[in-house]
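Work through the exercises below with the sequence and the coordinates open. Each task is followed by a solution in steps.

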Amino acid sequence: MSTIRVLLVDDHALFRQGLRSLLESEGMRVIGEAANGREAIRYAADTHPDVILMDIQMPELDGVKATQSILEIDPNAKVIMITMYRQDRYVFEAVKAGARGYILKDADATTLLDAIKRVAGGEALLDADMAQNVLDDFRDKREELPSEKHADLNERETMILKLLAQGFSNQDIALRLDISEKTVRNRLSEIFTKLQLNNRTQAALYAIREGIANLD
């Protein structure tokens, strides 16, 4: 994989500096730092980073609203939320909007680096608890993922959706199914259109809800 380009978004300068030192020591490139959501949107639009590490609570514009705006501009943006608490309500909203998952602020360096590499490679950081919590949240608010039955998908599309939900990158899916990455991207685009989904996170949640995949 080429050098991973990361945008750091957090209102604490010392925390950003610590992250920058860690990431750069591991060969990643920090292409920008933002202290609030508004700066994050501008930096993301200008630099198109491979991964955005986004703090939840910030002045002026919080991480959830910033993530929503960034994904409206670029639906392919890869955002990892940074939070103090696993059950942070805002994390659910960010994941529903299309964030690839979350990392706890007290996570160790190995966990953080692995998360960045996985997301840069196209994966989503959805564990079983988070997936269920987000699905419950949709239900509690009477919001729905599209109700189209996956019978509309052919066998190959169903397999691609299953592998996506299990956290495989486009490259891994291509290798497993002996097809090109371009074919995977095209098939995913067709799947999203058929099921009226906006991003990989929603697709993973849909697959879990419909029993196409599980995270056990």
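**Exercise 1. Pairing and connection of the first two strands**

Determine how strand β1 (residues 5-9) is joined to strand β2 (residues 29-34), and find the residue opposite Val 6.

Solution. The model is a predicted one. Step 1: β1 and β2 run parallel and are joined by 5 bridges. Step 2: the residue in β2 that stands opposite Val 6 is Val 30. Step 3: between these strands the chain passes through helix α1 (residues 13-25), giving a β-α-β crossover that is right-handed.

**Exercise 2. The sheet as a whole**

Give the strand order of the sheet, and state which strands stand at the edges.

Solution. Step 1: the protein chain has 10 helices and 5 strands. Step 2: an open sheet is formed by 5 strands in the order β2-β1-β3-β4-β5, with parallel pairing. Step 3: β2 and β5 (101-104) each have a single partner strand, so one side of each has no neighbour in the sheet, and these two stand at the edges. Step 4: from one strand to the next, the twist averages 25°.

**Exercise 3. Strand β4 and its surroundings**

Describe the pairing of strand β4 (residues 79-83) with β5, its pairing with β3, and the burial of its faces.

Solution. Step 1: on the β5 side, 4 bridges join the two strands, which run parallel; here Ile 80 stands opposite Gly 101. Step 2: β3 and β4 also pair in the parallel sense, over 4 bridges, and Leu 53 has Ile 80 as its bridge partner in β4. Step 3: the path from β3 to β4 goes through helix α3 (residues 63-73), and this β-α-β crossover is right-handed. Step 4: in a regular strand, side chains alternate between the two faces of the sheet. Step 5: in β4, one side carries Val 79, Met 81 and Thr 83 and the other carries Ile 80 and Ile 82, all of them buried. With the cut-off for buried at under 20% relative accessible area, 5 of the 5 residues of β4 qualify.

**Exercise 4. Helices against the sheet, and helix against helix**

State which strands α1 lies across, then characterise the packing of α1 with helix α5 (residues 109-120).

Solution. Step 1: α1 lies across β1, β2, β3 (51-55) and β4, and runs at about 170° to β2. Step 2: helix α2 (residues 37-47) also packs on the sheet, where it touches β1, β2 and β3, and its direction makes about 145° with that of β2. Step 3: two packed helices are described by the angle between their axes and the distance between the axes. Step 4: the axes of α1 and α5 come within 11 Å and cross at roughly 70°, which means that α1 is roughly perpendicular to α5. Step 5: on the α1 side the residues in contact are Leu 19, Leu 22 and Leu 23, and they meet Ala 109, Leu 112, Leu 113 and Ile 116 of α5. Step 6: sorted by class, this contact has 7 nonpolar residues, no polar and no charged ones.

**Exercise 5. Burial in the last helix listed here**

How many residues of helix α10 (residues 200-209) are buried, and what follows the helix?

Solution. Step 1: across the 216 residues of the protein chain, buried residues make up 50%. Step 2: α10 is mostly covered, with 9 of its 10 residues buried. Step 3: the buried residues include Arg 200, Gln 202, Leu 205, Tyr 206 and Ile 208. Step 4: Gly 211 follows α10, and its phi is positive, near 80°.

Note on methods:
Residues numbered from 1 in each chain as written. Heavy atoms only, no water. Pairing = 2+ DSSP bridges. Right-handed = clockwise from strand over helix to strand, strands pointing away. Axes fitted to C-alpha atoms, helices over the stretch in contact; angles between N-to-C directions. Parallel < 35°, antiparallel > 145°, perpendicular 65-115°, else oblique. Contact = heavy atoms within 4.5 Å. Nonpolar A, V, L, I, M, F, W, Y, C, P; charged D, E, K, R; others polar. Buried < 20%, exposed > 50% of the residue type's maximum accessible area, 1.4 Å probe, protein only.
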